[in-house]
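User: I'm new to this one and would like to know what the descriptive words rest on. Can you take me through it?

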Amino acid sequence: MSEDEFIMPTSPEALESLRDITDELVGLFGLSRAEAVARVNQAWGGQDLATGPDLLGHEDPEHWAYGLYYEGDVPYWEPEADRTHWHVRPAPPRDSPAWPRDAD
């Protein structure tokens, strides 16, 4: 795990949140770590997460992971939810700066 895999400035708390969200994306959806990092970078890459409160920490990593993986709001917490209408959000293009430098 590289210190510079995320493209935005982060506080130690935000970095921990981003890593937790990345781990959820990998665990829940079987993404490669590189794709998970790219999805995180695409979502928050233009923000400065080095100052202020860690707003990412106010929701569970699972919440953010579902939001980064699926389009729109999905009721992931409902066991009876009809997941057939959920659409996977496309990954960032491979030539996007969102992908970590050491991605395959």
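**How the labels are earned**

Analyst: Let's start with Y76, which is buried, with a relative accessible area of 17%. Y76 lies in the segment after α3. One thing to keep in mind: this is a predicted model.

User: What makes Y76 count as buried?

Analyst: The cut-off for buried is under 20% relative accessible area. Y76 comes out at 17%, so the label is buried.

User: And which residues is Y76 in contact with, leaving aside its neighbours within four places in sequence?

Analyst: Those are E62, H63, Y66, R83 and W86. S32 is another story: 44 residues separate Y76 and S32 along the chain, and their C-alpha atoms are 21 Å apart.

User: Now the helices. How do you know that α1 and α2 are oblique to each other?

Analyst: Start with the angle: α1 (residues 12–29) and α2 (residues 33–44) pack at about 130°, and their axes are 9 Å apart. Roughly perpendicular covers 65 to 115 degrees, and roughly antiparallel needs over 145. The angle of about 130° fits neither, and therefore α1 and α2 are called oblique. As for handedness, α1 passes α2 in a right-handed crossing.

User: Which residues make that contact between α1 and α2?

Analyst: From α1 it's L18, R19, I21, T22, D23, L25 and V26, and from α2 it's R33, A36, V37, R39, V40 and W44. Sorted by class, this contact has 8 nonpolar, 1 polar and 4 charged residues.

User: D23 is on that list. Why is D23 called partly exposed?

Analyst: Buried is under 20% and exposed is over 50%, with partly exposed in between. D23 has 43% relative accessibility, so D23 counts as partly exposed. D23 is found in helix α1, and its C-alpha atom is 9.4 Å from that of E62, 39 residues away along the chain.

User: Which residues of α1 are buried?

Analyst: The buried ones in α1 are A14, L15, S17, L18, R19, I21, T22, L25 and F29. They pack against α2 and α3 (61–69).

User: What span is expected for α1, and what span does the model give?

Analyst: With 18 residues at 1.5 Å a residue, 26 Å is expected, and α1 reaches 26 Å from its first C-alpha to its last. Next along comes G30, whose phi is positive, near 70°.

User: How do you know that the span of α2 agrees with what it should be?

Analyst: The 12 residues of α2 should span 16 Å at 1.5 Å a residue, and the end C-alpha atoms are 17 Å apart, so the two values agree.

User: Why is α2 described as largely enclosed by the rest of the structure?

Analyst: Because 9 of its 12 residues are buried. These are A34, E35, A36, V37, A38, R39, V40, N41 and W44. What covers them includes α1 and α3.

User: N41 is on that list too. What makes N41 buried?

Analyst: The bar is under 20%, and N41 has a relative accessible area of 2%, so N41 is buried. Not counting residues up to four places away in sequence, N41 touches E5, F6, I7, M8 and A98.

User: What about α2 and α3? Why is α2 called roughly perpendicular to α3?

Analyst: The pair packs at an angle of about 85°, with axes 10 Å apart. Roughly perpendicular means 65 to 115 degrees, and that makes α2 roughly perpendicular to α3. R39, V40, A43 and W44 of α2 meet W64, L68 and Y69 of α3. By class, that contact has 6 nonpolar, no polar and 1 charged residues.

User: And how do α1 and α3 cross?

Analyst: Their axes come within 8 Å and cross at roughly 65°, with α1 passing α3 in a right-handed crossing. The α1 side of the contact is D20, I21, E24, L25, L28 and F29, while the α3 side is P61, E62, W64, A65, Y66, L68 and Y69. These residues divide into 10 nonpolar, no polar and 3 charged.

User: Last one: what makes G57 partly exposed?

Analyst: G57 is in the loop between α2 and α3. Exposed would need over 50% and buried under 20%; G57 has 48% relative accessibility, so G57 counts as partly exposed.

Key
Residues numbered from 1 in each chain as written. Predicted model: local features only at pLDDT ≥ 70, side-chain atom pairs only at ≥ 80, totals over all residues. Heavy atoms only, no water. Axes fitted to C-alpha atoms, helices over the stretch in contact; angles between N-to-C directions. Helix = DSSP H or I, 4+ residues; strand = E, 2+ residues; numbered from the N terminus. Parallel < 35°, antiparallel > 145°, perpendicular 65-115°, else oblique. Left-handed = near helix turned anticlockwise from the far one by under 90°. Contact = heavy atoms within 4.5 Å. Nonpolar A, V, L, I, M, F, W, Y, C, P; charged D, E, K, R; others polar. Expected span 1.5 Å × (residues − 1). Buried < 20%, exposed > 50% of the residue type's maximum accessible area, 1.4 Å probe, protein only.
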